[in-house]
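Here are my notes on the model, as numbered points. Please read them with the structure open.

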Amino acid sequence: MLSDVLALGASAIAIYFSAKKPTDNFTFGYLRLEVITAFVNGLVLIAISFYMIIEGILSIIYPREIELKTMLGISIIVLIFNIRITLVLHKSLKEENNLNVQSAIWHFIGDLINSIGLIISAIIIYFTGYKIVDVIMSIFISFVLFKGGYKITKKAFLILMDYSNINIKDIGNDILNISGVDNVHESHLWNTNDEEKTITMHALINSNEINYRAANQKIKNILKDKYSIEHSFIDIHENCKNHV
């Protein structure tokens, strides 16, 4: 629960700063802070999953008494709390697909599943006495948490490494199909966060076939309409067909 509160707090702080306007030094604003927060939250989920596996194994080696009433009571309280928070965060995701919010919601989904698992375990142990069920449930939940944490961490890592799932060569080929555009080079594409894409490129044009303004507009239209790239910085050179 402590990790959930910290994750939610960190996500809220990241959202607050990402809404601030860019400055002279932070020209992209603080959008990457959300990605960094998601990355850390994902790592914490992975760490928790490993911790749960270790605790499960230790419970097998060194069996401990289980207080069923306490286990069941706390699980029900936590379940109610997590259902409420998860619904709120899920509604937020519908309005905006945000990796930062996804990382926070995975913490609460993990606790939600954990609470359900504990309730089921407590009932089974009460009627059968099979305490091993608690260990099996914990290990199962740890794999669910690991999957969520890995997914979030991987996506955040790729954004931080300026990876793009769009092939830059495909973009270049589409632009070269514009009459009068002779060459495209020095193209760089990256994601500022999990939604906003930015591209920079140099384009060489034949001014006898197309002028600067028309070339710039046609290139931007392709980037926006076909690849959903809103932010583009295009350096266009005229009459430089032999430029390498």
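1. Is Ser115 buried or exposed? Ser115 is buried, because its relative accessible area is 3%. Bear in mind that this is a predicted model. Ser115 sits in helix H4, which spans residues 99–128. Setting aside neighbours within four places in sequence, its contacts are Ser75, Val78, Leu79 and Asn82.

2. Next, the largest nonpolar core. This core has 20 residues. Ile171, Ile175, Met201, Ile219 and Leu223 touch the most other members. Five elements each give two or more residues: helix H6 (168–176), strand E1 (181–191), strand E2 (197–205), helix H7 (212–227) and strand E3 (231–238). H7 supplies the largest share, five residues.

3. Take Ile171 as an example from that core. Residues up to four places away in sequence are not counted here. Beyond them, Ile171 touches Ile166, Leu189, Ile199, Met201, Leu223, Tyr227 and Ile229. In soluble globular proteins, nonpolar side chains tend to be buried together.

4. There is also a second core, separate and made of 12 residues. Among its members are Leu45, Trp106, Ile141 and Ile159.

5. Now the strands. E1 and E2 run antiparallel and are joined by eight bridges. The connection between E1 and E2 is a hairpin of five residues. Two pairs help to set the register: His188 stands opposite Thr200 in E2, and His185 has His202 in E2 as its bridge partner.

6. What is the sense of the pairing between E2 and E3? E2 and E3 are parallel, with eight bridges. Ala203 stands opposite Ile236 in E3. E2 therefore has pairings with E1 and with E3. Seven of the nine E2 residues are buried, so the strand is largely enclosed by the rest of the structure.

7. How many salt bridges does the structure hold? There are two. One joins the side chains of Arg32 and Asp162, at 2.7 Å from N to O. Arg32 belongs to helix H2, while Asp162 is in the loop between H5 and H6, so this pair ties together parts 130 residues apart in sequence. Both partners are partly exposed: Arg32 has a relative accessible area of 25%, and Asp162 has 38%.

8. The other salt bridge is between Lys226 and Asp174, whose closest N and O atoms are 2.9 Å apart. Lys226 is in helix H7 and Asp174 in helix H6, so the pair links distant parts of the chain, 52 residues apart. The partners differ in exposure: Lys226 is exposed, with a relative accessible area of 55%, whereas Asp174 counts as buried at 17%.

9. Last, the surface. Ile54, Ile57, Leu58, Ile60, Ile61, Tyr62, Tyr130, Ile132 and Ile136 make a nonpolar patch of about 930 Å². Helix H2 (31–61) and helix H5 (132–160) are the elements that give two or more residues to the patch. H2 gives the largest share, five residues.

10. Is Ile136, in this patch, buried or exposed? Ile136 lies in helix H5. Ile136 counts as exposed because its relative accessible area is 54%, and the cut-off for exposed is over 50%.

Notes. Residues are numbered from 1 along each chain as its sequence is written. This is a predicted model: local features need pLDDT of at least 70, side-chain atom pairs count only at pLDDT 80 or more; totals for chains, interfaces and linings use all residues. Side-chain values use heavy atoms; hydrogens and water are left out. Patches are made of residues with over 30% relative accessible area and no salt bridge: like charges are joined within 9 Å, nonpolar side chains (Val, Leu, Ile, Met, Phe, Trp, Tyr) within 5 Å. Accessible areas come from the Shrake-Rupley method with a 1.4 Å probe; for residues, only the protein chains shown count as cover. A salt bridge is a side-chain nitrogen of Lys or Arg within 4 Å of a carboxyl oxygen of Asp or Glu. Helices (H or I, at least four residues) and strands (E, at least two) are DSSP runs, numbered from the N terminus. Buried means under 20% relative accessible area, exposed over 50%, partly exposed in between (1.4 Å probe, protein chains only). A nonpolar core is a set of buried Ala, Val, Leu, Ile, Met, Phe, Trp, Tyr and Cys residues joined through side-chain atoms within 4.5 Å. Contact means heavy atoms within 4.5 Å. Two strands pair if DSSP finds at least two bridges between them.
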